[in-house]
Amino acid sequence: MLFGIAARARSKTASASGFGSVRTKFALKAALSLGLAVGLPLALGGCLGYDGQVVHGYQSDARSLDQVKVGASAEQILTLLGTPTTTSTVGGDAWYYVTQVTDRDIAFLQPKLVDQRVFAVYFDKNKKVERVANYGMQDGKVFDFVSRTTPTAGAESTFLKGMFVNLLHF
């Protein structure tokens with residue numbers, strides 16, 4: 001209470017002399033400038049300092065992917081790689097582990113797909129690994145990084161098979 005009375009007395013004498021109003025204005029401007037200098041970067045920090053690369057799906061480890069060998073059982077693959085992202089329902093038994101990497105420059109923009117990998121494990125009738133493929137994107141096309149081939153659409157056809165099929169349509 002004693003400090004409050006002394007402060008009021010000082011402010012009355014300072015405002016009477018004219019120095020208090022200049023000091024008060026200067027103090028308000030300094031506080032406002034400091035508030036803007038600190039507040040503006042904090043407010044914009046969420047938009048400008050955003051690291052936009054995010055990995056979705058299966059987090060692959062090169063060491064564990066190299067340990068998948070032809071002839072291994074499905075249980076060994078499940079222990080080694082974990083639960084697959086999805087499995088095939090048509091055309092045989094296969095497990096797929098899907099990884100996508102997206103990037104966005106600014107926090108509120110739509111993300112762009114930078115990389116997509118599908119690690120496929122194909123099984124035979126006895127639930128043993130028949131073959132392994134590591135599909136990815138190369139120039140916008142699906143590409144198998146293990147065999148270094150691009151899959152084609154449809155079954156392979158020979159010249160003679162095409163001739164017989166066309167003769168049957170007559």
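This report describes the fold, the largest pocket, the salt bridges and a nonpolar surface patch of a predicted model.

**Overall architecture**

The protein chain contains five helices and six strands. Read from the N terminus, its elements follow the order α-α-β-α-α-β-β-β-β-β-α. The chain has 170 residues, of which 20% count as buried.

**Largest pocket**

The volume of the largest pocket is about 160 Å³. Its lining comprises Ser-88, Val-90, Gly-91, Gly-92, Asp-93, Ala-94, Tyr-96, Tyr-122, Phe-123, Asp-124, Lys-125 and Glu-130. Two or more of these lining residues come from each of the strands β3 (93-103) and β4 (112-123). Strand β3 makes the greatest contribution, with three residues. Sorted by class, the lining holds five nonpolar, three polar and four charged residues.

**Salt bridges**

Side chains that carry opposite charges can pair when their charged atoms come close. In this model the count comes to two salt bridges, and the table sets out both pairs.

| Salt bridge | N to O distance |
|---|---|
| Asp-93 and Lys-127 | 2.2 Å |
| Arg-117 and Asp-115 | 3.5 Å |

The side chain of Asp-93 meets that of Lys-127 at 2.2 Å, N to O. Asp-93 belongs to strand β3, whereas Lys-127 sits in the loop between β4 and β5 (129-138), so this pair ties together parts that are 34 residues apart in sequence. Asp-93 is also one of the residues that line the largest pocket. With a relative accessibility of 22%, Asp-93 counts as partly exposed; its partner Lys-127 is likewise partly exposed, at a relative accessible area of 35%.

In the other salt bridge, the side chains of Arg-117 and Asp-115 meet at 3.5 Å, N to O. Arg-117 is partly exposed, with a relative accessible area of 30%. Asp-115 is partly exposed as well, with a relative accessible area of 24%.

**Nonpolar surface patch**

A nonpolar patch of about 610 Å² lies on the surface and is formed by Phe-159, Leu-160, Met-163, Phe-164 and Leu-167. Among these residues, Phe-164 is found in helix α5, which spans residues 159-168. Phe-164 has a relative accessibility of 57% and therefore counts as exposed, since the cut-off for that class is over 50% relative accessible area.

**Summary**

The pocket of about 160 Å³ draws most on strand β3. Asp-93, in that strand, pairs with Lys-127 of the loop between β4 and β5. The nonpolar patch of about 610 Å² includes Phe-164, a residue of helix α5.

Key:
Residues numbered from 1 in each chain as written. Predicted model: local features only at pLDDT ≥ 70, side-chain atom pairs only at ≥ 80, totals over all residues. Heavy atoms only, no water. 1 Å grid on protein atoms, 1.4 Å probe; cavity = no way out; pocket = protein on both sides within 12 Å on 5 of 7 lines; lining within 4 Å. Points joined across faces, edges and corners; volume = space filled by probe spheres on them. Helix = DSSP H or I, 4+ residues; strand = E, 2+ residues; numbered from the N terminus. Nonpolar A, V, L, I, M, F, W, Y, C, P; charged D, E, K, R; others polar. Patch = residues over 30% accessible without salt bridge, like charges linked within 9 Å, V, L, I, M, F, W, Y side chains within 5 Å. Areas by Shrake-Rupley, 256 points an atom, 1.4 Å probe, with all protein chains shown as cover. Salt bridge = Lys/Arg side-chain N within 4 Å of Asp/Glu carboxyl O. Buried < 20%, exposed > 50% of the residue type's maximum accessible area, 1.4 Å probe, protein only.
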